[in-house]
Amino acid sequence: MSIGEPVDPRKLELDPSPILAPMRSEEPVCHVPSLDVWLVTKWDDLMHMGAHLDVFGAKAGRYFLAGALGPNTLTRDGPPSLPRR
């Protein structure tokens with residue numbers, strides 16, 4: 001069983017450290033079915049992803065945050081576009 005399977009989104013939001021710490025040490029790239037996301041918890045992995053936005057960037061695929069939250073820093077790369085006047 002993946003360490004992400006029993007994750008309760010409410011507990012993750014209220015106090016993420018006790019959930020993320022074991023992920024970081026045991027399963028740094030972890031699927032969390034309750035959120036339908038993969039969490040990446042190690043800095044080096046995140047830096048690798050940031051350097052390869054063609055594969056890992058917001059435009060690489062649609063995921064639940066884009067639909068749920070609309071445009072925000074988690075669903076797009078780079079600075080936001082300013083509205084035209």
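Reader: Which helix has the highest mean pLDDT among the elements of the protein, and which has the lowest?
Author: Keep in mind that this is a predicted model, with an average pLDDT of 79 for the protein. At the bottom of the ranking sits helix α5 (residues 64-69), with a mean of 54. At the top, with a mean of 94, is helix α2 (residues 17-26).

Reader: Which residues of strand β1 are on its covered face?
Author: In a regular strand, side chains alternate between the two faces of the sheet. Strand β1 covers residues 29-32, and V29 and H31 make up its uncovered face. That leaves the covered face to C30 and V32.

Reader: And what is the bridge partner of V32 in β2?
Author: β1 pairs with strand β2 (residues 37-40) in the antiparallel sense, over four bridges. The two strands form a hairpin with four residues between them, and D36 in that turn has a positive phi of about 55 degrees. Across from V32, the partner in β2 is V37.

Reader: Is M47 in helix α3 exposed, partly exposed or buried?
Author: M47 belongs to helix α3, residues 43-51. Along with W43 and L46, M47 forms a nonpolar surface patch with about 340 Å² of accessible area together. The relative accessible area of M47 is 43%, so the right label is partly exposed.

Reader: How far apart are the closest N and O atoms in the salt bridge between D8 and R10?
Author: The structure holds one salt bridge, and D8 and R10 form it. R10 is exposed, with a relative accessible area of 61%. A salt bridge needs the nitrogen within 4 Å of the carboxyl oxygen, and here the closest N and O atoms are apart by 3.1 Å.

Definitions and conventions: Residues numbered from 1 in each chain as written. Predicted model: local features only at pLDDT ≥ 70, side-chain atom pairs only at ≥ 80, totals over all residues. Heavy atoms only, no water. pLDDT = per-residue confidence, 0-100. Buried < 20%, exposed > 50% of the residue type's maximum accessible area, 1.4 Å probe, protein only. Pairing = 2+ DSSP bridges. Patch = residues over 30% accessible without salt bridge, like charges linked within 9 Å, V, L, I, M, F, W, Y side chains within 5 Å. Areas by Shrake-Rupley, 256 points an atom, 1.4 Å probe, with all protein chains shown as cover. Salt bridge = Lys/Arg side-chain N within 4 Å of Asp/Glu carboxyl O.
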